[in-house]
Structures are given as C-alpha cells and as structure tokens.
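Please follow this explanation with the chain open beside you, from a loop to the helices and then to the interior.

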Amino acid sequence: MAKSSSLNVRVVEGRALPAKDVSGSSDPYCIVKVDDEVVARTATVWKSLSPFWGEEYTVHLPLDFHHLAFYVLDEDTVGHDDIIGKISLSREAIAADPRGIDSWINLNRVDPDAEVQGEVYLAVQMQEDPQGRFLRCHVLKARDLAPRDISGTSDPFARVFWGSRSSETSVEFPPKVLQQSPPNGWFRLLPFPGAEEGSGGSLGALRLKVRLIEDRVLPSRCYQPLLQLLAESALGSAEEDISSPLAVLEELTLGDCRQDLATKLVKLYFGQGLTGPFLDYLTRRELARTTDPNTLFRSNSLASKSMEQFMKLVGMPYLHEVLKPVISRVFEEKKYIELDPCKMDLSRTKRLSFKGTSSEEHVREASLGLLTGYLRPIVDAIVGSVGRCPPAMRLAFKQLHRRVGERFPQAEHEDVKYLAISGFLFLRFFAPAILTPKLFDLRDQHADPQTSRSLLLLAKAVQSLGNLGQQLGQGKELWMAPLHPFLLQSISRVRDFLDELVDVEGEAEAGGPAKALVPPSVTVREGYLLKRKEEVPASLATCFAFKKRYFWLSGETLSYSKSPEWQTRSSIPVSHIRAVERVEEGAFQLPHVMQVVTQDGSGTQHTTYLQCKNVNDLNQWLSALRKASAPNPDKLASCHAGAFRSSRWTCCLQAERSAAGCSRTHSAVTLGDWRDPLDPDAETQVVYRQLLLGRDQLRMKFLEDYNMDTSPEEDAGKDPSSVGGACPETLDRQREAAGRLLEVLEDLDRAHEDFQWQEQGKGAPGPLGP
C-alpha cells in the first residue's frame, strides 16, 4: 500500500500592498516554497497594489514536509527584486481542517537573518565517568544550508550551547529527550523562537486557498469493485437514480470540492473509455430537473464542471492552435482600446481633431477598428476549426445536442441545443482563455492593465457570440453597441460552425486504458533550453559553454537538436536518469539552471546542465523529468547543488569530483497539471473517501427507514412519493444498488484496516463485528 501526500495551493489575489516603485505602485509576484524548496512562482502583475493571480498548483511532495511559505516580491528591471512580505503556514496548521485554509492572511516582514534553512547531522549521547555525568555532542555534517555570501555559498560553522541560547540557528532538545532517547541523525535547523512582530496589515494581505491531502492508496485489485459500480452507473438510468455512486457523489459535493471531484471522475472515465456515457449521464440528470431552458447549465453543477474539465483534458492543444496567434498579437502590439466613455483616456490616442484635442468619437472609432481587427481573425479561426477540434469533443457535443433537442423539442426552443454547446465552448473555454491567457498556458505572464482591458473587451465579444447575440443591446454595457453590427453578421457563421461541429460519424468513445506513468512515445514537454555538458574546458567562458537546443521529453528519451526542424537528434535515455535537481545560481552565475544526473551501462555518472528561461519553466521541466523517471531504480539520495569547477565543487568546496553529494534530492516533489498521466488507484481512492461522507445518509434512506418486512400488497398501497416518488419496482432496484455500494465501501474499509495492521507489524486483525 502506497502513501501519498499532496498540497492543493491557489494564490488568488492580494490587497493593500505597499508601493515599491517611484510611480507609487508595485509589480508584485508570489513565490511558493515547501521547506525552502521553490515549487512555484506566479506571474508578475504589473502596476498593481491589488493584484489578481488566480494561479493554482497541486504539489506532490514527501510526507515529512514541515512548512509552506509564500513570499511576495516586487519585480524590478534593474537590480534585485524588493521583498514585500511573507506568509508562513506550518504543516499542522494546514492539516487542522480537512477542508483546508481559505481566507485572507496578512503579510509579515521578512528578516533575512531569520530565514534559516538546512539540516545538521548530530550524534548526541549522555555519558558517565567517575567525575560525573556529561553530554557528548558530535556535529558530523550539514546540508541544504542557506547561501549567505554574494558568491551564492556560505562559510558555515557550528556552536553548541548548554543552557543559554544565543546562536542564530538551533536544534532544541529538552533534558528528558537527551536522557531517554539521545538524538542521532538529520535534524532541521530552526530560528530561535522569539516575539515575532506582526505587520498589523501594513504590508497588505493575500487571499490563499490551501488544502493538504494525505492518504493511503491500496493495491489496484481493491478498487476494481468500485470502478465496476462507477462504470455501471454511467451506463444506467439517470433520471430516477438516487443510489448509485454517481448519484451520491452529485448530491454530496459542493463548492470547490465539486471541481476537484469532476477532475478525478473525468480522468477515471477517460481511462476506462467511458467519458461519453459519463457526460451523457450527468447531462440527462441536469435536463431532468431543468424546466426553464434559459437556466440550462448556467450553474456550477457537477455536469457543468465535468464538461469544463473534459474540454481542458482533451482540448488544450486545440485551444492553443485557435487562439494563440491573435493573443500573441494583442500582447505584442499593446494598442489602446476602449469603448466605454467612462473609462476613456483621451490623451492616449494619436489622432487629433481640428481643435487640437482628441474626442470620444475619435477614440471610439480607432478602438472599434482595432477591436474588430483582432476579433475577425478569432472568429475566422474558430469557425474554420471543425477539422482540428478533437473527435472526443465533437462526439460529446453531438450527444449533448441530441439530448437537449429531445428535452426541448418545441420550435420556440430551437436555439437551446445550439446554446448548450456554445455555452461550454465559447463561454467556458474560449472566453476565459482570452480573458486570462496565463491560466491557460497561452502566455508566460499576466497582461499589463492596458492589455488586460483589451482582452476583456475581446472576451465580452466572444461571450456575445456564444450567446448567439440574444443579449445584445440589453444590460448596462450599451457602450458595446458599435461592435454589434459585426457580431450580428458573425452569428450565422457561428451557427453553421456548430451544425458542422456535431455532424460527426460514429459513437466511438474517447479514452483508453489508464496509464499510471508517462506514455513512452508521447511528447509530454518540449521547448528551447540552454545546454551545458559536464566536461567543458576551463578556459571556455560560461556564456559560450551553454548552447541553445530544442528539447523533447517522452517516457523513453530526453532528446534534443539545434532546432525543431533539425533532422539529427541526440538523446538521453530516461531509464538512465538518477536525479533531476536545481543548481545554485552561484555555480555558473546564471539563474534557472537544473542538472540531469545519469548513469550509463558501465556505472559511470554524467551530469547535463540545462538553463531554463524563467523559474516557471524550470519548475515545469523539473516536474516533468521527475515524473518520467519515477520508476527508475537506484535513485540518488543526495547530489551536489553546485558544479565542479576549478578543481572543486562550488557548493561544498570539496576537491574530489567523486565526493558524495552535499544536498538531498527531491525526486518526490512534482507539480500536478492536466498533462499528468492518470493514476487510477489514487483517483479512485479520492472518490472512495468522498463516498464515505454519504454512507450514513444512504444507509438510513434505504436500509433502516424502509420497512423490509412489508408485504407486496402493503408496498403497492403506499404512496410512491413517500420514498423519492418512485414505484415499488424502482425502489427495489434502488435498494439493491444502495446495498451493493455499501458493501463495496465496507470491503474497502476492511482493506485499509488490514494494510494498516500489516504496516504496524501486528498481522491481520481478527474478524470484524456485525
């Protein structure tokens, strides 16, 4: 049985941040650290004291992490970035509430001298001789210490105190611990406890969502009965179902948990080749309880969230192909666009009237031309993309189109089946990606305020197309009226596109066998990196030692060539990788460098150094390489955080190239995203835990309150509405389904208990009571 631990982290927004620039504003970004390991960095929000990031990360990490920290910095183009403040959350504080943390938290000041990190290896003994008892403390070595010098290294020494405490860092042991179980091993350094002075909110605050998920994942065979029930429920009746796993899950999940559950379910059904039946099941349930077609799929129901996550799973390359060219133009051209008179800055336009000043009409005319100049290629790209839309999405939309038409067949509801599709594709996929390209990997950075406003206007226009123009001229944004003629002309093209989109042959199902590891032949990440071999002449300057190469990563190889079009490729077998780690900036006086340590058939180790374009790119490559090499044997427990240069390691100054590593490796720390392969056991374990929340309710509804001993004649005389409004035959089927689900959950309970007993070395537990 495997143990798993992950942190779901969302950096939502900031408020009331202090101004760090002479302009009276700041350019804030946030760094996320787990035990001093940088695991994520948000993009910079330019010229804002109330930034919105909305960036979400799932960090897969070791079970023994201690704390999570958020640092807010102001990015400067010249010199070092200014530190605004930090928030530190202990593992205990995060785990205190299973629902996690969701709140505004004030930033505190950062004291560089208190930013202690690293571990020390101690062997402590209490000994006695004729003169009395004494303490023997052997300080053997340290690792992962904080760099304190401009070179990126430190000159460390240790002080041992008995009684008084005046050192910068310490590992504290009370006398009782020293007497009963003398410490021997690695211990984490901590600053001395003190009366930390809070900022009182003067440094601003962050809104954070953090949830720690720790669980034990059983062997695959234990989850097969639950997977079978999930498959059966998607293929069964939806309208009257109240006792299958899907029905129970839909009733239980609310809020943020609904999106997380939708992600797990979509991946599970995709792995079994049952995404179509799963989405159809949820669609039928949604339609059964919808009386007003204008409200269809407007809420964040499990059906809506599941379709959203499904589009992200299979449609992200399609989204990039359609939108990226125009989005890149908007970012690069930085044109001023504004249609709202209340927001117009008349000094921004270069066009002058005969009076020498700009007018609203001139600004509106110029903005309309620019806006349609961006919107027209977007519409052209969308309506011409039928052949590029993934077949899985087209089949799902075809199914949705048919079900909505069956539910609302009246002539006055002819548009509903089109709106159902465009509501997902335009309003929940294209428009959000245009509004926040960073969150859909269309850009590396968030937009500046001017570009962000242009993107907002484009997103509003795409939303109007998704609504098929039904809300044009309504609401408070009448200043969008100059754009209406273009939108109305485009509606017929959008209708034709939707008709063509659902005109697809076959009922083939997307998905296939679930893969727990990176697929061997599938490229999971690619892009330009700067590469440096381990063996480089000392006379060669660092800037010339790194060569620009284009890299591809699959489950089999890390290959590279001079350019994407270059025919000849070199490759590193993924099976040879023994460690993938960051490199200290001082090693080459370069940022964002990582090392890939490999071992060839003769047992010789080689190190390849790769420089990424920014910290986000570095984190993604680290994560992808660690996932791809996860099954490899003989992983290194430690390595050097620097490089061997001038006959010594830059990190620990050891003179032997073969010297043991001075820093531990972090092979278990990876980031989660939609490109992750499916781990069906871990996904099913999450579903099982969610189902447990409704077990008592299910048991009470079907197995306790219902009189099992009543005769068929008595059953026939009952009011069907007394238990869900169903007839006796339906109740029997629901009771049987509930009993099967409860039995499966109890079997999983026993399996967890058995494995827990085995882990504790106690053997199997005795028979369970009734």
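Asp155 lies in the loop that joins β9 (132–143) to β10 (169–170), where strands are DSSP runs of E of at least two residues and helices are runs of H or I of at least four, both numbered from the N terminus. Asp155 is exposed, with a relative accessible area of 60%; exposed stands for over 50% relative accessible area, buried for under 20%, and partly exposed for what falls in between, using a 1.4 Å probe and protein chains only. Although Asp155 and Cys652 are 497 residues apart along the chain, their C-alpha atoms are separated by 9.3 Å.

The model is a predicted one, in which local features need pLDDT of at least 70 and side-chain atom pairs count only at pLDDT 80 or more, while totals for chains, interfaces and linings use all residues. Residues are numbered from 1 along each chain as its sequence is written, and side-chain values use heavy atoms, with hydrogens and water left out.

Helix α4 (residues 245–252) is largely enclosed by the rest of the structure, because six of its eight residues are buried; these are Pro245, Leu246, Ala247, Val248, Leu249 and Glu250.

Helix α12 (residues 484–501) has 18 residues and should span 26 Å at 1.5 Å a residue, which agrees with the 25 Å between its end C-alpha atoms, the expected span being 1.5 Å times one less than the number of residues. There is nevertheless a kink of about 30° in α12, centred on Ile491, the bend being the angle between axes fitted to the seven residues ending at a residue and the seven starting there. Ile491 is also among the buried residues of α12, which include Phe486, Val494 and Phe497, and the elements that cover them include α7, α8 (360–383), α9, α10 (416–435) and α11 (449–466).

Two of these covering helices also meet each other: Met307, Phe310, Met311, Val314, Gly315 and Tyr318 in α7 are in contact with Ala392, Met393, Ala396, Phe397 and Leu400 in α9, contact meaning heavy atoms within 4.5 Å.

Met393 and Phe397 appear again, with Phe426, Phe430 and Phe497, as the residues with the most contacts inside the largest nonpolar core, which has 112 residues; such a core is a set of buried Ala, Val, Leu, Ile, Met, Phe, Trp, Tyr and Cys residues joined through side-chain atoms within 4.5 Å. To this core α7 gives the most, with 15 residues.
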